[in-house]
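I have opened my notebook for another look at a protein and its ligand. Here is the entry, with the structure placed where I can check it.

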Amino acid sequence: MQKINDIEEMYESLGISKKVLEFGKQAELKLKERFEAIDRTAEYNQLKVIGAMQKNRVSEGCFHYASGYGYDDQGRDTLEKVYADVFHTEATLVRPQIACGTHALALALGANLRPGDELLSPAGKPYDTLEEVIGIRPSAGSLAEYGITYRQVDLKPDGSFDYENIEKAIHEKTKLITIQRSKGYQTRPSFSVAQIGELIAFVKKIKPDVICMVDNCYGEFVETIEPSDVGADMVVGSLIKNPGGGLAPIGGYVAGRTDLIENCGYRLTSPGLGREVGASLGVMQSFYQGLFLAPTVVASALKGAILAANLYESLGFPVVPDGSESRHDIIQAVELGTPEGVIAFCQGIQAAAPVDSYVTPEPWAMPGYDSDVIMAAGAFVQGSSIELSADGPIKPPYAVYFQGGLTWPHAKLGILMSLEHMVRKGLVQI
Ligand SMILES: *Cc1c(COP(=O)(O)O)cnc(C)c1O
């Protein structure tokens, strides 16, 4: 008869050797207190989400299919109130018509800037895809083509804000400042909500009417407060990252001041129509249920990131953030130092996936990148990076960026499998 509770055998049947499992167990043992703190944050955020759903009387009727123009789409309108209560803002726009995070950010910017205005990034270069939105790299339809200028103040070498030069960069045309919470794929640290609050307070002291926007991608529910709790006028993100909880199949959100969100509505649909139209087309249950799950999904992803950091740090690989740093987003970078390392790591993540586990990812010349890139993603939602995923450009310093994990056991399996593949290829010794 088969034993049903021998977890070692179960791991072994999925391809994890005793050696790797034991190594993982040692790393995990040291993380008990940090995992408890993450669970407490998830507990708080879970209550926040449930409270918002109860207050707004979410009901089965909110999940009904709405088509056509979508006037009085109950599910959509109620969800936007739920989001407003979660983010503590006056209004929100949460729509499947927002295609992705970049679209949400382009929408928030385009809706609230006018020709002659200037956009300021006081925290260095924004996310890659925003370069074309802003026109840092010339692009058709960019803000630059509409006469909106851009200024940037780089971070100081230690990753902190350069307040002196930020003050100098603000002038009468400065209309909106954009702050990216997560480091994305840069090497700077991610900002805590408190740090973002300090920056916003500083900027508002110089120019009280400047609109402060935060790119919140990968940051939602990592802490118990959001940038909108510390003065941000608009926070923006993607539903195929944290707040979609792995269930939302598409979508983005903007949460903030009513006048700014109204402008986003007019930009998303049309002047005059604004937020009144845009049918939710049957995705509402996944949006609600995804938001409901998001706090614990984010906790799972964070635990995975911290386990990966500690495991690979103990093997001598540089990791960002390091094994003991506090977390402000769900991204973990591991510098493997060789192309073979990046490939083995990503192939391990893929082999641990529930979907497409039999596929072996290889580096390829992806459009828009200046080197070959390898990507591992066995996801239920295409490209979803709240699901366990990893990618790495095949160029020095040969780092992989690892994120997501809908459940902690899956995140753990993925990391162990990445190590298993590294061990099998002789790239590390444990
Ligand atoms: C993912 C991300 C974006 C862009 O989102 P997409 O959904 O990929 O378009 C923007 N900013 C940050 C910080 C991100 O992590």
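Which side chain has an N or O atom 2.6 Å from a nitrogen atom of the ligand? I looked it up, and it is the side chain of Asp-215. This is a polar contact (a pair of N or O atoms within 3.5 Å).

Before going on, I noted that this is a predicted model, where local features need pLDDT of at least 70, side-chain atom pairs count only at pLDDT 80 or more, and totals for chains, interfaces and linings use all residues. Residues are numbered from 1 along each chain as its sequence is written, and side-chain values use heavy atoms, with hydrogens and water left out.

Next I checked the ligand's oxygen atoms. One is 2.6 Å from an N or O atom in the Thr-102 side chain, and I found an oxygen 2.8 Å from a polar backbone atom of Gly-101. The protein covers 89% of the 380 Å² of accessible area that the ligand has on its own (Shrake-Rupley method, 1.4 Å probe).

I then asked which helix gives the most to the shell around the ligand. My note says helix α5 (residues 101-112), with three residues; helices here are DSSP runs of H or I, at least four residues, and strands are runs of E, at least two, numbered from the N terminus. A shell residue has a heavy atom within 4 Å of the ligand.

Last, I turned to strand β2 (residues 118-121). It pairs in the parallel sense with strand β3 (residues 149-152) over four bridges, and pairing needs at least two DSSP bridges. In β3, Tyr-150 is the bridge partner of Leu-119.

Notes
A polar contact is a pair of N or O atoms within 3.5 Å; within protein, one must be able to donate a hydrogen and the other to accept it, and residues adjacent in sequence count only if both atoms are side-chain atoms.
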